[in-house]
Amino acid sequence: MRKSLLFLSISLIPAFCLGQTEIFNYKKALTLNRTLTANIHTINRSSGEVEFGGGDSRGPTTPGLNFTWIWGDGTSTNGFFPRKKTYADVSKNYLAKVVANYSATEKDTVEVMVDFVKGKISPIALDPKMRVYIPSQPITFDNSHSNFPKIILPPFSDKFFTDVSRADYEYLMQLGATIEFDFLNENAVLHQGKFEQYMFRDSTFGGAYSLWFTRPVSFGSGDGFIKGADSDFSSLYHEMGHNMTLNFPANFIFGGKIDGLANAIYSETMAQIFQYSVGYEIINNYKAYGLDELFLSKF
């Protein structure tokens with residue numbers, strides 16, 4: 001067992017010593033030249049209306065073939081992206097499938113979880129020095145480099161946490177941070193003996209970004225990433241991966257030492273590795289981390 005896993009909970013010991021069965025890996029994504037993607041663009045958990053986004057750069061155009069939508073409720077239709085569907089029963093979840101019909105014999109299929117019923121979280125004990133905060137009030141941070149400006153970003157208001165509570169969201173982010181810190185063998189610069197991170201709102205930005213140089217460390221996120229159970233946790237783990245690897249190793253951090261293309265190669269590669277490794281770890285050990293299966297499609 002890796003050292004930092006000892007900080008988690010005694011309940012984790014059976015999962016890691018005996019090994020929970022692998023239920024997910026990236027083999028298909030690495031071996032297939034896939035062009036088909038599908039996702040939920042909007043979901044109304046009261047009316048049952050769901051809008052699906054995505055597309056296929058290969059673009060099936062054969063008359064009568066294009067895309068087949070298998071909704072998971074016993075019905076199916078044909079048509080192009082985007083697509084809307086209204087489910088009659090919102091008391092349960094559905095596994096929708098999108099089939100790209102390139103020819104009568106060549107096809108590709110992706111699945112999308114339509115989750116009207118929210119997942120449940122039963123938090124386990126995590127190392128408190130790895131806390132991730134989503135503050136409700138603005139905070140001004142200093143930084144570790146004099147040539148970088150002070151950062152002042154507004155907080156996420158309570159309206160963003162009607163589906164998943166602020167506390168549960170912070171737990172999911174702390175869970176990712178704890179795993180990522182273990183990847184570094186706990187060798188990163190600390191602030192006041194901790195590696196806390198703060199997440200702030202940037203409503204003008206379409207994605208998210210690392211602020212690895214602030215003290216404490218922080219990162220910004222656009223509104224589109226924070227959608228309750230439909231939030232883009234994987235991309236936020238990516239930004240925390242930047243925070244980790246640019247503050248590593250503790251005695252000679254990479255942040256500020258490399259620039260230009262070299263920084264892009266190192267920084268983005270490491271953040272991608274951390275992002276997908278955390279997803280693999282959480283999905284394959286979700287029960288040990290206090291999550292139910294409804295959260296699996298979020299990582």
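Here are four short exercises, with worked solutions, on a predicted model.

**Exercise 1. Find where Asn66 sits, decide whether Asn66 is buried or exposed, and list what Asn66 is in contact with.**

Step 1: Start with the place in the chain. Asn66 belongs to the loop that runs between strand E2 (49-56) and strand E3 (67-70).

Step 2: Look at the accessible area. Asn66 has a relative accessible area of 11%. Buried means under 20%, so Asn66 is buried.

Step 3: Now look at the surroundings. Beyond the neighbours within four places in sequence, Asn66 is in contact with Pro60, Asn78, Gly79, Phe80, Val99, Ala100 and Asn101. With Gly79 there is a polar detail: the Asn66 side chain reaches the Gly79 backbone nitrogen at 3.4 Å.

**Exercise 2. Work out how helix H3 packs against helix H4: is the pair parallel or oblique?**

Step 1: Take the geometry. H3 (residues 166-183) and H4 (residues 233-245) have axes 10 Å apart and pack at an angle of about 45°.

Step 2: Name the arrangement. Angles under 35 degrees count as roughly parallel, and 65 to 115 as roughly perpendicular. An angle of about 45° fits neither, so H3 is oblique to H4. The crossing of these two helices is right-handed.

Step 3: See who meets whom. Residues of H3 including Tyr169, Leu172 and Met173 meet residues of H4, among them Phe233, Leu236 and Tyr237. Sorted by class, the residues of this contact are ten nonpolar, two polar and one charged.

**Exercise 3. Do the same for H3 and helix H5: at what angle do the axes cross, and which residues meet?**

Step 1: The axes of H3 and H5 (residues 260-284) cross at roughly 115° and come within 10 Å.

Step 2: This makes H3 roughly perpendicular to H5. The crossing is right-handed.

Step 3: On the H3 side, the contact holds Leu175, Gly176, Ile179, Glu180 and Phe183; on the H5 side, Phe274, Gln275, Ser277, Val278, Glu281 and Ile282. Six of the residues are nonpolar, three polar and two charged.

**Exercise 4. Look for special backbone geometry: which peptide bond to Pro82 is cis, and what is notable about phi at Asn185?**

Step 1: The cis bond runs from Phe81 to Pro82, with omega near -15°. Pro82 lies in the loop between strand E4 (76-78) and strand E5 (83-86).

Step 2: Turn to Asn185. Asn185 is not a glycine, yet its phi is positive, about 55°. Asn185 lies in the loop between H3 and strand E11 (197-201).

Step 3: Check the accessible area of Asn185. The relative value is 62%, so Asn185 is exposed.

Methods. Residues are numbered from 1 along each chain as its sequence is written. This is a predicted model: local features need pLDDT of at least 70, side-chain atom pairs count only at pLDDT 80 or more; totals for chains, interfaces and linings use all residues. Side-chain values use heavy atoms; hydrogens and water are left out. Helices (H or I, at least four residues) and strands (E, at least two) are DSSP runs, numbered from the N terminus. Buried means under 20% relative accessible area, exposed over 50%, partly exposed in between (1.4 Å probe, protein chains only). A polar contact is a pair of N or O atoms within 3.5 Å; within protein, one must be able to donate a hydrogen and the other to accept it, and residues adjacent in sequence count only if both atoms are side-chain atoms. Contact means heavy atoms within 4.5 Å. Axes are lines fitted to C-alpha atoms, for helices over the stretch in contact, and angles run from 0 to 180 degrees between N-to-C directions. Angles under 35 degrees count as roughly parallel, over 145 as roughly antiparallel, 65 to 115 as roughly perpendicular and the rest as oblique. A crossing is left-handed if the near helix is turned anticlockwise from the far one by less than a right angle, and right-handed if clockwise. Ala, Val, Leu, Ile, Met, Phe, Trp, Tyr, Cys and Pro count as nonpolar, Asp, Glu, Lys and Arg as charged, and the others, Gly among them, as polar.
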